[in-house]
Amino acid sequence: RDFREFNADKNFGGYASFEAPTKNSEMDFCEFIRHVMQSKQKMQNSAFAQSSTATKNGTPTATTASDACDYFSVQSPLSSLDDANGADDVFAKCLQVANKCEFGTLLSNELCISMRGALFPLRYRQTENVVFAVDGHTEVVLFAPVCARFLYEFPYGHPLYEQSMVNAEFLVRNGCDDNTPFPQFHAENAVLQENAYRGVLQKGDVLYVPSLWWHELVSL
């Protein structure tokens with residue numbers, strides 16, 4: 001159920017032991033949907049994610065990620081969707097809100113659709129982000145930049161750089177004894193207590209995530 005972004009081409013640190021958390025293959029959106037339905041009929045344990053940037057002959061390409069779970073997620077740039085589906089109208093409304101709030105120049109846009117339980121682990125971006133909740137419910141966990149030294153980021157040059165190694169959802173899974181690899185990530189840490197936020201987005205909500213703020217998303 002964890003959808004971690006990675007880029008093996010940016011393994012500048014030469015981490016020979018790195019194993020990709022997902023297995024990727026390209027397909028168009030219709031093929032992606034057929035693959036999802038076939039997997040569910042066969043009760044296969046799979047997870048799926050569509051690339052946020054790639055297109056092929058004007059058609060969005062999908063990335064398939066095999067995992068020991070049964071969760072599905074779609075990510076696609078709005079510009080790659082069929083205009084007849086009203087994507088332009090939705091995107092235009094989002095831009096109006098962004099311009100009204102003076103969020104700055106748009107660098108990229110992405111439509112994310114995921115099933116209940118899909119988790120996008122703790123990460124940060126150097127750019128500002130605006131999350132528009134179109135439907136459903138999403139739990140969001142935020143940590144201010146001051147918490148960075150306690151969140152155990154993957155090192156620079158690692159394919160999972162700009163992501164945290166800790167489990168923000170279940171603290172006990174990080175280890176509870178003196179041998180834990182994340183000794184400063186715990187509920188009693190005053191800095192984390194004072195700079196952590198949790199909330200639930202529902203249809204119509206807009207969330208502004210400033211630059212360098214850590215965030216984790218879970219579809220409810």
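Colleague: Which residues line the largest cavity?

Modeller: The general idea is that rolling a probe the size of a water molecule over the atoms shows where empty space is left. In this predicted model, the lining of the largest cavity is made up of Glu139, Val141, Ala168, Glu169, Arg198, Glu216 and Val218. The space inside the largest cavity comes to about 40 Å³, and the structure holds one cavity of 30 Å³ or more.

Colleague: Which strands each supply at least two residues of that lining?

Modeller: Those strands are β7 and β10, the latter covering residues 214–219, and each of them supplies at least two residues of the lining of the largest cavity.

Colleague: In what order do the four strands of the open sheet lie?

Modeller: To read a sheet, go from strand to strand and ask which one pairs with which. Here the order is β5-β10-β7-β8, and the pairing is antiparallel. The strands at the edges, each pairing on one side only, are β5 (119–123) and β8 (196–202). Going from one strand to the next, the twist averages 15°.

Colleague: How many bridges join β7 to β8?

Modeller: Strand β7, which spans residues 137–143, is joined to β8 by seven bridges, and the two strands run antiparallel. As one example to look for, Val141 has Arg198 as its bridge partner in β8, and both Val141 and Arg198 also belong to the lining of the largest cavity.

Colleague: Is Gly136 buried, partly exposed or exposed?

Modeller: The way to decide is to look at the relative accessible area, where partly exposed covers the range between 20% and 50%. Gly136 has a relative accessible area of 31%, so this residue counts as partly exposed. Along the chain, Gly136 is found in the loop between β6 (129–132) and β7. If neighbours within four places in sequence are left aside, Gly136 is in contact with Leu201, Gln202 and Lys203. Gly136 and Arg116 are 20 residues apart along the chain, and their C-alpha atoms are separated by 9.1 Å.

Colleague: Which residues touch the most other members of the largest nonpolar core?

Modeller: A core is read by asking which members touch one another. The largest nonpolar core has 14 residues, and those touching the most other members are Leu122, Phe143, Leu151, Val166, Phe185, Leu192 and Trp214. Another core, of six residues, lies apart from the largest one, and its members include Ala133, Leu142, Leu207 and Val209.

Colleague: What is Leu192 in contact with, leaving aside its neighbours within four places in sequence?

Modeller: On that reckoning, the contacts of Leu192 are Phe143, Cys147, Phe150, Leu151, Gln184, Phe185 and His186.

Key. Residues are numbered from 1 along each chain as its sequence is written. This is a predicted model: local features need pLDDT of at least 70, side-chain atom pairs count only at pLDDT 80 or more; totals for chains, interfaces and linings use all residues. Side-chain values use heavy atoms; hydrogens and water are left out. Two strands pair if DSSP finds at least two bridges between them. Axes are lines fitted to C-alpha atoms, for helices over the stretch in contact, and angles run from 0 to 180 degrees between N-to-C directions. Buried means under 20% relative accessible area, exposed over 50%, partly exposed in between (1.4 Å probe, protein chains only). Contact means heavy atoms within 4.5 Å. A nonpolar core is a set of buried Ala, Val, Leu, Ile, Met, Phe, Trp, Tyr and Cys residues joined through side-chain atoms within 4.5 Å. On a 1 Å grid over the protein atoms alone, a cavity is a set of points where a 1.4 Å probe fits but cannot get out, and a pocket is an open set with protein on both sides within 12 Å along at least five of seven lines; lining residues have an atom within 4 Å of a point. Grid points are joined across faces, edges and corners, and a volume is the space filled by probe spheres set on the points.
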